[in-house]
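Biologist: I would like a close look at a single part of this model, followed outward into what surrounds it. Please take your time and keep the account connected.

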Amino acid sequence: MNNNETIVVIGAGQAGFQVTASLRQSGFKGRLVIIGDESNIPYQRPPLSKAYLKHQADETSIQLRPAEFYSENDIKLVCGDTVEHINRKLKTVLTKGGRSFNYDKLVLATGTRPRELTIEGSNLQGVHSLRSFLHAANLRDDISSNQNIVIIGGGFIGLEVAACAAGLGKNVTVLEYSSRLMERAVSPVSSEFFKSYQQSIGVNVVTGARITKLTGSERVQQVHLENGETIDCDLVLVGVGALPNIELAQAAGLDCDNGILVDEFAVTSDPDILSAGDCTNHPNQYAGGRFRLESVQNAIDQAKVVASTLLGQRVAYHIAPWFWSDQGEIKLQTVGLPIGTDQYVVRGDLEQRKFSVFHYRQGKLIAVESINSAGDHMVARKLITAGISPIPEKVSALDVELKSLLAS
Ligand code: FAD
């Protein structure tokens with residue numbers, strides 16, 4: 001890129017923000033425009049299901065940078081407008097508000113949106129999703145004036161909200177479709193541990209729950225299960241996953257398949273359009289093929305790759321995926337991807353709520369989840385990144401220092 005060119009970024013979330021910040025940090029002097037459809041300036045989403053719900057964070061404290069950052073760095077930030085059309089031939093984007101921007105290079109950082117329930121009653125008042133600040137503000141208000149909360153989905157977001165709501169003295173039920181919590185992300189040991197933890201703080205956890213409909217007069221009052229049971233409630237949070245925002249890319253003729261397809265340099269099927277964050281499906285060596293990640297780590301690191309590519313440095317995206325989740329007093333940290341685990345070994349003490357689970361596939365260490373064990377997590381990141389697979393017997397032996405296995 002040269003310094004009289006324009007880069008336009010669509011999506012003012014974690015990845016979009018990081019692209020612009022990294023470009024300026026690396027000395028790019030050209031024009032930078034970032035367009036987001038939310039009215040907030042770029043902010044962190046993780047606190048929305050944690051500190052914000054507990055009234056320990058507010059709209060300002062979660063901002064990625066204060067408002068002045070954008071003017072000080074000559075970044076044109078457009079909030080509250082949606083890009084509706086990309087003209088690849090003319091290299092322009094058009095917004096719902098009637099604005100038009102020319103680009104030399106375009107970056108798509110459009111993120112995901114919550115998957116919605118399609119069953120009867122999903123549109124009743126009191127049925128919430130959680131992705132944006134606006135969602136979180138509505139949810140927080142509604143939680144404060146209601147007592148009986150049902151959370152549909154025992155994944156990260158549902159369980160984080162469950163722990164917050166239980167901490168606020170609410171009656172909380174989590175309904176999970178599969179036989180265990182966070183099934184795709186953690187081992188059965190950790191699923192069971194989190195189930196017991198949630199129960200210990202008063203959350204009613206139901207696995208194998210098949211929901212047939214929601215009922216109520218205007219506002220939701222009951223959740224109905226296939227087995228004939230009904231659960232009374234005043235508020236429902238639906239946390240059943242997210243869908244990538246790819247429609248804009250698809251309409252522009254870019255290759256998409258469960259995400260916008262990019263290569264390891266974050267370039268789409270159009271060499272002038274790059275993409276980063278939750279909306280991308282990218283080659284990931286830790287997944288053994290293409291993968292779509294939804295994490296802050298991926299949004300930040302892939303955005304940095306976008307910036308490098310735009311500046312002509314070929315730095316491929318090969319970073320070990322890591323993630324965290326806070327549920328009440330429990331901090332979960334994961335690294336790697338537990339795809340095809342055929343053996344796992346536990347290090348530490350479940351009773352003390354301090355342990356890590358090491359996942360192996362054909363003798364190779366592929367992922368580690370750590371519960372209240374930040375030290376283990378840091379070493380695990382180094383092991384996974386370096387491709388070191390210590391033998392399971394050593395990993396579980398507490399008299400063997402984990403750090404010492406870095407040399408194995
Ligand atoms: P986003 O942050 O979603 O940003 C995309 C933006 O683009 C959005 O503002 C969207 O509205 C906008 N947009 C889309 N289409 C258009 C358009 N056509 N025009 C203009 N704007 C558009 N990750 C972790 O690692 N740890 C956690 O603990 C954690 N907790 C989370 C808790 C919650 C409640 C949520 C919702 C997510 C959490 N995540 C967590 C995930 C993490 O926040 C996301 O992975 C990250 O925000 C992805 O960044 P992104 O920039 O790709 O997408």
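Biologist: How many of the five residues of strand 1 (residues 6-10) are buried, and why can strand 1 be called enclosed or open with respect to the rest of the structure?

Modeller: Please keep in mind throughout that this is a predicted model. In strand 1, five of the five residues are buried, so the strand is largely enclosed by the rest of the structure. The side chains leave the strand in two directions, with Thr 6, Val 8 and Ile 10 pointing one way and Ile 7 and Val 9 pointing the other way, and the residues of both sets are buried. Alongside runs strand 2, which pairs with strand 1 in the parallel sense over five bridges, and within that pairing Thr 6 stands opposite Arg 31 of strand 2.

Strand 2 also leads to the ligand. An oxygen atom of the ligand lies 2.8 Å from an N or O atom in the side chain of Arg 45, another polar approach is that of a ligand oxygen to a polar backbone atom of Gln 14, at 3.2 Å, and for a polar backbone atom of Ala 109 the distance to a ligand oxygen is 3.5 Å. Taken alone, the ligand exposes 1000 Å², and the protein buries 94% of that area. Strand 2 (31-36) is among the elements that give two or more residues to the shell around the ligand, the others being helix 1 (14-25), helix 7 (296-310) and strand 22 (322-327). Of the 33 residues around the ligand, those that come nearest are Asp 37, Glu 38, Lys 50, Arg 131 and Asp 278. Sorted by class, the shell holds 14 nonpolar, 11 polar and eight charged residues. Both domain 1 (6-46 + 63-113 + 243-310) and domain 2 (116-238) give residues to this shell, so the ligand lies between them.

Another strand that is mostly covered is strand 20 (residues 280-284), where four of the five residues are buried. Strand 20 belongs to an open sheet of three strands in the order 18-20-21, with mixed pairing. Strand 18 and strand 21 stand at the edges of that sheet and each has a single partner strand, so one side of each is left without a neighbour in the sheet. On one flank, strand 18 (residues 260-261) runs parallel to strand 20 and is joined to it by two bridges; here Ile 260 has Thr 280 as its bridge partner in strand 20, while Leu 261 has Asn 281. On the other flank, strand 20 pairs with strand 21 (residues 289-291) in the antiparallel sense over three bridges, and His 282 stands opposite Phe 291 in strand 21. The hairpin that these two strands make has four residues between the strands, and in it Gly 288 takes a positive phi near 70°.

A loop residue can close the account. Leu 337 lies in the loop between strand 23 (330-336) and strand 24 (343-349), and its relative accessibility of 9% is why Leu 337 counts as buried, the cut-off for that word being under 20%. The C-alpha atoms of Leu 337 and Asn 138 are separated by 33 Å, and the two residues are 199 residues apart along the chain.

Conventions: Residues are numbered from 1 along each chain as its sequence is written. This is a predicted model: local features need pLDDT of at least 70, side-chain atom pairs count only at pLDDT 80 or more; totals for chains, interfaces and linings use all residues. Side-chain values use heavy atoms; hydrogens and water are left out. A residue is near a molecule or strand if one of its heavy atoms lies within 4 Å of it. A polar contact is a pair of N or O atoms within 3.5 Å; within protein, one must be able to donate a hydrogen and the other to accept it, and residues adjacent in sequence count only if both atoms are side-chain atoms. Accessible areas come from the Shrake-Rupley method with a 1.4 Å probe; for residues, only the protein chains shown count as cover. Ala, Val, Leu, Ile, Met, Phe, Trp, Tyr, Cys and Pro count as nonpolar, Asp, Glu, Lys and Arg as charged, and the others, Gly among them, as polar. Domain bounds come from an automatic or database domain assignment. Buried means under 20% relative accessible area, exposed over 50%, partly exposed in between (1.4 Å probe, protein chains only). Two strands pair if DSSP finds at least two bridges between them.
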